[in-house]
Amino acid sequence: MEDSQRRATHDAGIDRPVFILSSPRSGSSLLFQTLAQAPEVHTIGGESHGLIEQIPGLHPRERGWTSNRLTAADATPAITREIAQRFRASLRDRDGNAPVGRVRMIEKTPKNSLRVPFLDTVFPDAQFVFLYRDARETMSSMLEAWGSGRFRTYPLLPGWRTTPWSLLLVPGWRELGSLSLPEIVARQWASTMAILLDDLEAMATGRVVSVSYDGLLADPQATLSSLSARVGLGWDRILAESLPLSPTVVSAPRPDKWTRHEAAIAAVWPIVATVDARAREALARYAR
């Protein structure tokens with residue numbers, strides 16, 4: 001990265017930001033809202049869709065509607081400076097206070113799973129948390145999200161003639177228009193995860209840690225204490241045995257809720273099987 005880009009990031013006073021990365025509907029909102037309770041953490045209060053896509057040149061509309069993918073080449077010095085300044089201006093700590101001096105930031109937006117090289121260039125000292133949730137549960141929740149109408153990111157996507165597009169926009173989306181919704185979701189999940197895993201594997205050792213959604217639910221206190229320590233944060237909260245519901249929940253969670261889509265998921269499982277095996281291996285590898 002050029003010296004001007006490094007200076008822009010440094011001048012914004014954001015130290016070792018933490019980006020939670022996962023496929024959509026993997027529990028990242030729950031992990032984010034819980035980890036945001038760490039004492040020195042600052043966040044923008046939600047996801048960075050608008051903050052990033054309002055910058056000229058970064059919205060898919062201005063990129064031929066290719067996808068939400070951003071790479072290092074997109075992180076020009078001017079965009080790096082703009083991103084860092086916008087994040088800094090929006091940051092607040094857990095008590096609602098504006099940042100003073102250099103601070104730690106946590107961010108989560110599922111689209112960022114397609115933007116790791118971009119984020120790595122803008123924030124060269126960033127740390128990445130890979131969150132994995134069972135692919136069957138995740139795809140079931142993605143199907144529910146598409147059907148709910150609450151997650152229509154690009155409802156007027158040019159050339160898309162079927163159910164309005166929901167969740168992140170993956171490379172190759174134009175090839176999916178003739179498929180069933182379960183097939184669309186399977187390819188959306190597999191494409192996102194394959195790109196994310198490839199990008200994380202290019203990271204230097206020690207910059208990626210992992211956490212499982214199952215572990216987060218089973219023992220929130222141990223999971224958050226461990227995760228905080230691994231990314232260099234303190235932890236002073238005592239969590240309840242059960243975490244509060246995420247604001248993005250569509251219907252009440254149950255351990256077997258995914259089975260309502262069991263047949264549909266089984267039919268498309270060959271699309272995701274190989275990538276899911278890679279994801280499980282990555283979960284184990286980055287947990288060490």
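**Exercises on loops and helix packing**

Arg-16 is found in the loop between helix H1 (3-11) and strand E1 (18-21), where helices (H or I, at least four residues) and strands (E, at least two) are DSSP runs numbered from the N terminus. The model is predicted, so that local features need pLDDT of at least 70 and side-chain atom pairs count only at pLDDT 80 or more, whereas totals for chains, interfaces and linings use all residues. Residues are numbered from 1 along each chain as its sequence is written, and side-chain values use heavy atoms, with hydrogens and water left out.

**Exercise 1.** Determine whether Arg-16 is buried, partly exposed or exposed, and state which sign its phi has.

*Solution.* Start with the cut-offs: buried means under 20% relative accessible area, exposed means over 50%, and partly exposed lies in between (1.4 Å probe, protein chains only). Arg-16 has 33% relative accessibility and therefore counts as partly exposed. Turning to the backbone, the phi of Arg-16 is near 45°, which is a positive value in a residue other than glycine.

**Exercise 2.** Place Trp-65 and Arg-63 in the chain, and work out what surrounds Arg-63.

*Solution.* Trp-65 lies in the loop between H3 and H4, and the place of Arg-63 is likewise in the loop between helix H3 (49-53) and helix H4 (77-90). Trp-65 counts as buried because its relative accessible area is 15%, while Arg-63, at 22%, is partly exposed. Trp-65 has a phi near 55°, again a positive value in a residue other than glycine. Next, take contact to mean heavy atoms within 4.5 Å; leaving aside neighbours within four places in sequence, Arg-63 is in contact with Gly-57, Leu-58, Arg-69, Leu-70 and Asp-74. With Asp-74 there is also a polar contact between the two side chains, at 3.0 Å. (A polar contact is a pair of N or O atoms within 3.5 Å; within protein, one must be able to donate a hydrogen and the other to accept it, and residues adjacent in sequence count only if both atoms are side-chain atoms.)

**Exercise 3.** Identify the side chain with which Arg-115 makes a polar contact, and say how accessible Arg-115 is.

*Solution.* Arg-115 is placed in the loop between strand E4 (104-108) and helix H5 (116-122). Its relative accessible area is 0%, so Arg-115 is buried. The side chains of Arg-115 and Glu-53 are joined by a polar contact of 3.3 Å. Beyond its neighbours within four places in sequence, the contacts of Arg-115 are Ile-52, Glu-53, Asn-68, Arg-69 and Leu-70.

**Exercise 4.** Describe helix H6: its span, its ends and its cover.

*Solution.* Helix H6 covers residues 135-148, and its 14 residues reach 20 Å from the first C-alpha to the last, close to the 20 Å expected at 1.5 Å a residue; the expected span is 1.5 Å times one less than the number of residues. At the start of H6, a side-chain oxygen of Asp-134 comes to within 2.8 Å of the backbone nitrogen of Arg-136. After H6 comes Gly-149, with a positive phi near 80°. Of the 14 residues of H6, 11 are buried, among them Glu-137, Glu-144 and Trp-146. The cover over these buried residues includes strand E5 (127-132), helix H7 (181-201), helix H8 (213-218) and helix H10 (262-286).

**Exercise 5.** Classify how H7 packs against H10 and how H6 crosses H7.

*Solution.* Axes are lines fitted to C-alpha atoms, for helices over the stretch in contact, and angles run from 0 to 180 degrees between N-to-C directions. Angles under 35 degrees count as roughly parallel, over 145 as roughly antiparallel, 65 to 115 as roughly perpendicular and the rest as oblique. H7 and H10 pack at an angle of about 20°, their axes being 9 Å apart, which means that H7 is roughly parallel to H10. In the contact, residues including Ala-186, Trp-189 and Met-193 in H7 meet residues including Val-268, Ile-271 and Val-275 in H10.

For the second pair, the axes of H6 and H7 come within 10 Å and cross at roughly 125°, and the two helices are therefore oblique to each other. Among the residues making this contact are Met-139, Met-142 and Trp-146 of H6 and Pro-182, Val-185 and Trp-189 of H7.
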